[in-house]
Amino acid sequence: HVEGRHGRPVMSGVQLKAVQDLQAQLTKVMEELDHKVFRPQQKAAFQCSIKCTDLRGPQEEMHACLAKCGEPIQRHEAAVMGELQEFQHRVQRCVQQCQDKQATTQDQGKFDKCVSECAVFYQKELASLKPQLMKKR
């Protein structure tokens, strides 16, 4: 959800279509990442881990092998989460600017329009960010 000051949703009960569309697009990107990127990486990590149990050396060798198997997905997930947090902060800053403008005008219509413009802008930004998220390692 897009939130404003004090963690409260900025819409205060009003659901703007552009905001709903942005949230739906973000959900779709997350599901695609899960199915096309993270699950295959998790599968590869599990397959790698199975091979570690066949090692004949000391237990420390097996533990080092297991840790190494999980590194690629951990690195990718951390990078993606960092990108998505930064994206969310940019959306929140845009909405915050709308709140700041509304504080002087008290015009709900202008506020809703401003928030909708933020959502439409960040839908485009998310579309261009998606390829980065899908390939980050």
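Trainee: By about how many helical turns are Glu 32 and Lys 36 separated in helix 1?

Mentor: A helix here is a DSSP run of H or I with at least four residues, while a strand is a run of E with at least two, and both are numbered from the N terminus. Glu 32 and Lys 36 are four residues apart in helix 1, which means that about one helical turn separates them. Before we go on, note that this is a predicted model, in which local features need pLDDT of at least 70 and side-chain atom pairs count only at pLDDT 80 or more, whereas totals for chains, interfaces and linings use all residues. Residues are numbered from 1 along each chain as its sequence is written, and side-chain values use heavy atoms, with hydrogens and water left out.

Trainee: How many helices and how many strands does the protein chain have?

Mentor: The secondary structure comes to three helices and zero strands, and along the sequence the pattern reads α-α-α.

Trainee: What should helix 1 span, given its number of residues?

Mentor: The expected span is 1.5 Å times one less than the number of residues. Helix 1 runs over residues 17-52 and has 36 residues, so it should span 52 Å, and the 50 Å between its end C-alpha atoms agrees with that.

Trainee: At which residue does helix 1 bend?

Mentor: The bend at a residue is the angle between two fitted axes, one for the seven residues ending there and one for the seven starting there. In helix 1 the bend is found at Asp 34 and comes to about 40 degrees.

Trainee: Returning to the first pair, how far apart are the closest N and O atoms of Glu 32 and Lys 36?

Mentor: A salt bridge is counted when a side-chain nitrogen of Lys or Arg is within 4 Å of a carboxyl oxygen of Asp or Glu. Glu 32 and Lys 36 form one, with their closest N and O atoms 3.3 Å apart, and by this rule the count comes to seven salt bridges. Helix 1 also holds Lys 17 and Asp 21, likewise four residues apart, whose salt bridge has its closest N and O atoms at 2.8 Å.

Trainee: Is Glu 32 buried or exposed?

Mentor: Relative accessible area under 20% is called buried, over 50% exposed, and anything in between partly exposed, using a 1.4 Å probe and protein chains only. Glu 32 has 18%, so it is buried, whereas its partner Lys 36 is exposed with 57%. In the other pair of helix 1, Lys 17 is exposed at 57%, and Asp 21 is partly exposed at 30%.

Trainee: Which helix holds both Glu 117 and Lys 113?

Mentor: Both lie in helix 3, residues 108-135, at a distance of four residues, about one turn of the helix. Their salt bridge has its closest N and O atoms 2.7 Å apart, with Glu 117 partly exposed at 44% and Lys 113 exposed at 52%. Elsewhere, salt bridges with shared partners join Glu 32, Lys 36 and Lys 130 into one network.

Trainee: How many disulfides are there?

Mentor: A disulfide is a pair of cysteine sulfur atoms within 2.5 Å, and by this rule the count comes to four. When the bonded cysteines are counted along the chain, the disulfides follow the pattern 1-4, 2-3, 5-8, 6-7.

Trainee: Why is the disulfide of Cys 48 and Cys 69 described by a hand?

Mentor: The torsion about its S-S bond is about -65 degrees, so the disulfide is left-handed. Cys 48 lies in helix 1 and Cys 69 in helix 2, so the pair ties together parts that are 21 residues apart in sequence. The sulfur atoms are 1.9 Å apart; Cys 69 is buried at 7% relative accessibility, while Cys 48 is partly exposed at 28%.

Trainee: Which residues does Cys 69 touch, leaving aside those up to four places away in sequence?

Mentor: Contact means heavy atoms within 4.5 Å. With that exclusion, Cys 69 touches Ala 45, Cys 48, Ser 49 and Cys 52.

Trainee: Which helices do the pairs Cys 94 with Cys 118 and Cys 98 with Cys 114 tie together?

Mentor: The link of Cys 94 and Cys 118 is left-handed, with -85 degrees about the S-S bond. Cys 94 lies in helix 2 and Cys 118 in helix 3, so parts 24 residues apart in sequence are tied together. The link of Cys 98 and Cys 114 is also left-handed, with -80 degrees about the S-S bond. Cys 98 lies in helix 2 and Cys 114 in helix 3, so this pair ties together parts 16 residues apart in sequence.
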